[in-house]
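Please walk me through this structure, stop by stop. I have it open in a viewer and want to know what to select next and what I will find there.

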Amino acid sequence: MSKHRILPETLRTFIAAAIIAVAVHFTQSRDLLVDFTRPVVMTGLRLVGFDVVDRGEVMAVGNLHVPWTRDCAGINLLLILLALAVWVNRHERQAGLFWLRVLSMIPAALAANVLRVLTLIAYRTLAYPGVESPQTHYFIGFIWLVPFVTLVTPRDLRVKSSGIMETLHAAAVVSLLAPMSGTPNAELITLAAVVCLARCRVRETSLCLLLSWLVGGFGIAIVSMESFWLPWLLLCPLLVDHRRLRVPGLICTACTHSLIAMHSWAWLLAGAGLLITYFSRVEDECPNDEAKPFRSPLTWQAAFFASLTLPFIVSTLLSLGQESWQPPTSVESRSINQCGYEIRLRGQSEHIGLACYGAASRDRHHTVKVCLKYRGIDVENVKERPLVFTEGHHWFREFFLQDGKLLPDHTAYVKSTFRPWSDPGVHLIFATLCDKQSPTDFSADCERLANQFHLLCLPQTALVQQ
């Protein structure tokens, strides 16, 4: 590929990326797809006999209440598909075909999102009163990406399966990034993942490397170290030439691991690796291996496609039959869902609520920002009290009970659960109205109540999720 052709293609990619960035900015305050998605979903449900009522932020489907969020409306799925279309077609030589594939993602995203929401509602109806885990939630989204991302797969000189493998791999990586949006230094994880994706291109590999990679995936599943899934995907030997993988590339991959990215020094460590990897990507941007068709057996390709589902479903499969956590019998409690309980402690103010959640699978609990976002609530840290969160009307504070310890925040929890076979523990979330207490007083009360509950739970902590 000549340098004269590289420049317009790079410029075109940057223009498309800028348009998507502008769309992200303008959709923060107004979801442009909500007026399309919700009526279509409600009409579809009514046609099959469901009683559906639109209650604004919640859609009632029979006795099921589904929070209506940006994720349900589909703007996130649209942006993912648009970004994927730009990414996988960045080498497309025909400008008209490039923009046609990008624009085709608008109706594709609308259809995929309607099908995704209907699938989620069907799952929650069958599992009532339980809901799907975050991994299952994003896996359902990934499943409905599959038939539509093939529409944007470039038709180059290679066999068609090569482009499909690259596209679905990128979709799996993006789907894994979604639940990480509330983790510390999530921007670094995303940036490192994008730079790592730049070198991912289907290539020949050895059976030994592929089997080692698959064995590594099963090892991650067995020890429930889900934070390794993203680096594992980005090191797939069918897309990365391990012989050319240098220290900068390894640094970028390491920075997609949440335990490394959460530290304040991670940006300094990653800076050199990100820059060197980005500016040395000439071979990836100007591929000369189109004359060497991908000839790996169909069984290898089947193993690759199956492996993309592991990060989403394996924890659910391994948790089948495990006992769920229950609060001590000496504590007043009320079940609120499959794994959650509302707790009332002695001396607990009436305006302070406490919800405790056992792990729905062997995976770690997410931070409260992710948990609440999953339920349609966006919260931010309070400046004067960073461990307190708010959405403008309530204060929130989280703790974790894990391996007999009370942990004050998600960072301490991740460090405590990093070892293999670690117990996922219990997630404590306190909440109160903002006009009832200052964030400082609320935080102090939460610490007192959390310590009280921790002492009551000590005899049972070792039994959690065994």
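This tour goes through a sheet, some helices, the cores, and a few single residues. Keep in mind that the model is predicted.

**Stop 1: a sheet of three strands**

Select residues 52–55, the stretch called strand 1. Add strand 2, residues 58–61, and strand 3, residues 64–67. Together they form an open sheet with the order 1-2-3 and antiparallel pairing. Strands of a sheet pair through backbone hydrogen bonds, either parallel or antiparallel. Which strands stand at the edges? Strand 1 and strand 3 do, and each has a single partner strand, so one side of each is left without a neighbour in the sheet. From one strand to the next, the twist averages 20 degrees.

Now look at the pair made by strand 2 and strand 3. It has 4 bridges and is antiparallel. Pick Met 59 and look across to strand 3: Val 66 stands opposite.

**Stop 2: the helix on the sheet, and its partner**

Select residues 105–127. This is helix 6, which packs on the sheet and touches strand 2 and strand 3. The direction of helix 6 makes about 140 degrees with that of strand 3.

Next, add helix 5, residues 95–103. Two packed helices are described by the angle between their axes and the distance between the axes. For helix 5 and helix 6, the angle is about 20 degrees and the axes are 5 Å apart. An angle under 35 degrees counts as roughly parallel, and helix 5 and helix 6 are therefore roughly parallel to each other. Where do they meet? Show Arg 101, Val 102 and Leu 103 in helix 5, then Met 105, Ile 106 and Pro 107 in helix 6.

**Stop 3: the largest nonpolar core**

Show the side chains of Val 173, Trp 229, Leu 233 and Leu 238. These have the most contacts inside the largest nonpolar core, which has 58 residues. Helix 8, residues 160–177, gives the largest share of this core, with 9 residues. Another core, of 24 residues, lies apart from it; Leu 345, Val 388, Phe 430 and Cys 457 are among its members.

Stay with helix 8 and pick Leu 176, which has its place there. Is Leu 176 buried or exposed? Its relative accessible area is 11%, so Leu 176 is buried. Setting aside residues up to four places away in sequence, Leu 176 touches Trp 229, Leu 230, Leu 233, Pro 311 and Phe 312. Draw a line from Leu 176 to Phe 312, C-alpha to C-alpha. These two are 136 residues apart in sequence and 8.3 Å apart in space.

**Stop 4: two helices to span**

Select helix 9, residues 186–197. It has 12 residues and reaches 17 Å from first C-alpha to last, close to the 16 Å expected. The buried residues in helix 9 include Leu 188, Ile 189, Ala 192 and Val 195. An α-helix has 3.6 residues a turn, so residues three or four places apart point the same way.

Move on to helix 10, residues 207–223. Its 17 residues should span 24 Å at 1.5 Å a residue, and its end C-alpha atoms are 24 Å apart, which agrees. Among its buried residues are Leu 210, Trp 213, Leu 214 and Gly 217. Step just past helix 10 to Ser 224, where phi is positive, about 55 degrees.

**Stop 5: hairpins**

Select strand 7, residues 380–382, and strand 8, residues 385–390. They run antiparallel, joined by 3 bridges. The hairpin between strand 7 and strand 8 passes through 2 residues. Val 382 has Arg 385 in strand 8 as its bridge partner.

Then add strand 9, residues 394–402, which is joined to strand 8 by 3 bridges, again in the antiparallel sense. Val 388 stands opposite Arg 397 in strand 9. This hairpin has 3 residues between its strands, and there Gly 392 takes a positive phi near 110 degrees.

**Stop 6: two loop residues**

Pick Asp 403, in the loop between strand 9 and strand 10. Most residues other than glycine have a negative phi. At Asp 403, phi is positive, near 55 degrees. With a relative accessible area of 44%, Asp 403 is partly exposed.

Finish at His 365, in the loop between strand 6 and helix 18. At 10% relative accessibility, His 365 counts as buried. Beyond its neighbours within four places in sequence, its contacts include Tyr 357, Phe 400, His 410, Tyr 413 and His 427.

Notes
Residues are numbered from 1 along each chain as its sequence is written. This is a predicted model: local features need pLDDT of at least 70, side-chain atom pairs count only at pLDDT 80 or more; totals for chains, interfaces and linings use all residues. Side-chain values use heavy atoms; hydrogens and water are left out. The expected span of a helix is 1.5 Å times one less than its number of residues. Buried means under 20% relative accessible area, exposed over 50%, partly exposed in between (1.4 Å probe, protein chains only). A nonpolar core is a set of buried Ala, Val, Leu, Ile, Met, Phe, Trp, Tyr and Cys residues joined through side-chain atoms within 4.5 Å. Two strands pair if DSSP finds at least two bridges between them. Axes are lines fitted to C-alpha atoms, for helices over the stretch in contact, and angles run from 0 to 180 degrees between N-to-C directions. Contact means heavy atoms within 4.5 Å. Angles under 35 degrees count as roughly parallel, over 145 as roughly antiparallel, 65 to 115 as roughly perpendicular and the rest as oblique.
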